[in-house]
Every structure is written in C-alpha cells, then in structure tokens.
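Reader: I have a structure to read and would like to go through it one question at a time. Can we start once it is on the page?

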Amino acid sequence: MTIKYFDRINRSSILCLIIIKAKDAISVKLEVKNLSFAYPKSAPTFSNVNFDLHSGESLVILGPNGAGKSTLLNCLVNLLTPVSGTVKINDAEIHRMNPKEVAQEMGYVQQQLLSVFSYSVRDYVVMGKAPYLGMFSQPRKEDYEKVDQLLEEFGLSQFANHSYADLSGGQRQRVAIIRTLIQTPSIILLDEPTAHLDVGNQYKTVEKIKELKKQGYAVIMTTHNPDHALILDDKTGILEASGRFTFGEAKDVINEKMLNELYQCDLSLKEVPELNHQICVYMGGKNND
Ligand SMILES: Nc1ncnc2c1ncn2[C@@H]1O[C@H](COP(=O)(O)OP(=O)(O)OP(=O)(O)O)[C@@H](O)[C@H]1O
C-alpha cells in the first residue's frame, strides 16, 4: 500500500468533493469496482465499494464521522492505493495514470485547506491551470480573465488581490472550488464543501452543483447533511461505520430507519408541500415519547 504525499495535491493542483465535467461535451464515465481499503494494521475502512457515475450526474456520500468518506475520495483520486478493486475513467485505470493526467481528469477539493500560501487569491486560483502548463510556461491572459469571471460569479471579486492566507475557512473553501473549475477536470471531488459555510452559502453551493451538472459535469460530494442528497435527488452513497457502502438513487436509499441507524439519532423525513422532495428533521426524542 502506498500513501502518497499531501504535498502532491498542491503541485498537481488536485484539490477535496468530486465533480465530473464533460470536456467539450465529451461524455465521461467513472467506474468503481469492488474497491476496498485498510490503513496499515487497521481493520478495513470500507469493502467492495461499487458504483458508476456519468457526466451530468452527482453522487452525494453520507456517513458518520470517521466512516471513511475522505479515505474513499482519496482512493478515487489515486492519493491512496486501495487493497483491492479498480477505479476507471473512460475505461482507463487511474492507478496507471501519472499525477498530471489524474489532475486533468479529476479536480479534488479537500476538507482541510491549507492557509500557508502567501499568493493572492487570483494567483492561487490561476494555479489550477498547472496540469496543462509546461515547466517554464505561464498562465495566459484568458486564464486570468476566466479567474476574474468565476470570482465574480461566486461573489468573491473583492478578495481577488487579498492574500489567500488571510481568507476565512468558508472563503477558502469557495476559492478552492473555483480553482478546481479553472483546472477543467473531467471529474471533480468535493470533501465536505459546505463544512465551513453559513447556511446561505451551503445552499448556494448545492445550487452551484446543480448548475455544474447541467453544464455536463458529474459531481461527487461528501456531506453530513442528508438534505443535500435529498435536494440534489440523484445518486447517493451511504458509507456505514462498518465499511459497508450502499449506492442508489436518493429516494431509494434514504429512509428514516437508515438515517437513525447511521447517525444514532432521532431523525424523521418530512414532506414539504412546496418542495418535491422530503427534508430531514431532528425529532428531539419525540419519536421515543
Ligand atoms: N493516515 C491514517 N492512518 C490511519 N488511520 C487513519 C488515517 N487517516 C484516517 N484514518 C482513520 O480512518 C477512518 C476514516 O477516516 P476518514 O477521515 O476517511 O473518515 P470521514 O468519514 O471522512 O470522517 P469525518 O466525517 O469525521 O470527516 C477514521 O477512523 C480515521 O481515524
């Protein structure tokens, strides 16, 4: 088993959540077969993870703290080597690809975003182009124009010339997503992209993912909020503490029994007439009264 260095993420501009984009309308297929992983001298983190994801689809991965969601994403982007199983993008096995090739296909926004960069936000974001640049080449004017356009779209223009290190956790998270979009991968993974966000920015992020799907991206995100899966109403993966992974449509895999067992908490699913999906509500023990 090989644990690759975190530092590679910066060099190759792989960022953590997963999004897949159809480059120039090319359709993309991510195929995960019988994927199992264990840290050294530890019980398996997960076993036999199986799913396919296509361009324009999203996969929301739910699971309690420590279940292995980040570990699974790290295996998908080839930062961790699984004990067994395969990950293929358009039939190419990811473990046979070099870091630059992986970064051209997959953009990864990790959960822990380092605050050590002294670059301006604009320069940090444009580094998303790194997988396409030669050793001595520079980003082009069009690359900076795209950066400025995305900063504007995400409401972050006023921070363009600020130091990345001075941003708040939530601002860094959104800037990291923009850097991933500049990377124009075929696949983007987002690990808890809403973790540092206020409630408004959480839902804006979910809406952004809907937009990205429409543009042809496929998105994989981890979250602790089942409502994100219910809103996106697409593929959902449930990773239990036991390492068992269940994959299916949100409406087929999310139910009250599953939620209560997964989170060891009194949760209900409620219909909201104005919405065409259910929402998850904490019952505060009312179900046990
Ligand atoms: N480098 C490592 N070596 C050994 N064990 C590890 C390592 N990294 C993580 N773990 C363990 O693997 C398990 C899964 O961790 P992981 O971070 O993937 O879970 P998670 O579902 O993403 O958790 P959270 O929701 O709290 O972010 C945990 O028990 C964690 O302690």
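Reader: Which residues are around the ligand, and which helix gives the largest share of them?
Author: This is a predicted model, and in it the residues around the ligand are Tyr-39, Ser-42, Thr-45, Gly-63, Asn-65, Gly-66, Ala-67, Gly-68, Lys-69, Ser-70 and Thr-71. The largest share of this shell, three residues, comes from one helix, residues 69-76. That element is helix 2.

Reader: How many residues of the shell around the ligand are polar?
Author: By class, the shell has two nonpolar residues and one charged residue. Lys-69 is among the residues around the ligand. The polar residues of the shell number eight.

Reader: In what order do the four strands of the open sheet lie?
Author: The pairing in this sheet is antiparallel. Strand 3 (44-54) and strand 6 (92-93) each pair on one side only, which makes them the edge strands. The order is 3-2-5-6.

Reader: What residue in strand 6 stands opposite Lys-88?
Author: Strand 5, residues 84-89, runs antiparallel to strand 6, and two bridges join them. Opposite Lys-88, in strand 6, stands Glu-93.

Reader: What angle does helix 2 make with strand 2?
Author: Helix 2 packs on the sheet and touches strand 2 (29-38), strand 3 and strand 5. Helix 2 also gives three residues to the shell around the ligand. Its direction makes an angle with that of strand 2 of about 125°.

Reader: Into which domains is the chain divided, and which helix gives the largest share of the side of domain 1 that touches domain 2?
Author: The chain is divided into domain 1 (7-254) and domain 2 (256-289). Twelve residues of domain 1 are in contact with eight of domain 2. On the domain 1 side, eight residues are nonpolar, one is polar and three are charged. The largest share of that side, four residues, comes from residues 226-232, which are helix 8.

Reader: Which residue in strand 13 is the bridge partner of Leu-267?
Author: Strand 12 (residues 267-271) and strand 13 (residues 278-282) run antiparallel and are joined by five bridges. They form a hairpin, with six residues between them. The partner of Leu-267 in strand 13 is Tyr-282.

Reader: Over which residues is the pLDDT below 50?
Author: The chain averages a pLDDT of 86, and 85% of the residues score at least 70. Where pLDDT is low, the predicted coordinates should not be read in detail. One stretch has 54 contacts in the model beyond near neighbours in sequence, yet its pLDDT is below 50: residues 1-17.

Notes: Residues are numbered from 1 along each chain as its sequence is written. This is a predicted model: local features need pLDDT of at least 70, side-chain atom pairs count only at pLDDT 80 or more; totals for chains, interfaces and linings use all residues. Domain bounds come from an automatic or database domain assignment. Two residues are in contact if their C-beta atoms, placed from the backbone, lie within 7 Å. Ala, Val, Leu, Ile, Met, Phe, Trp, Tyr, Cys and Pro count as nonpolar, Asp, Glu, Lys and Arg as charged, and the others, Gly among them, as polar. pLDDT is the predictor's confidence in each residue, from 0 to 100. A residue is near a molecule or strand if its C-beta atom, placed from the backbone, lies within 6 Å of it. Two strands pair if DSSP finds at least two bridges between them. Axes are lines fitted to C-alpha atoms, for helices over the stretch in contact, and angles run from 0 to 180 degrees between N-to-C directions.
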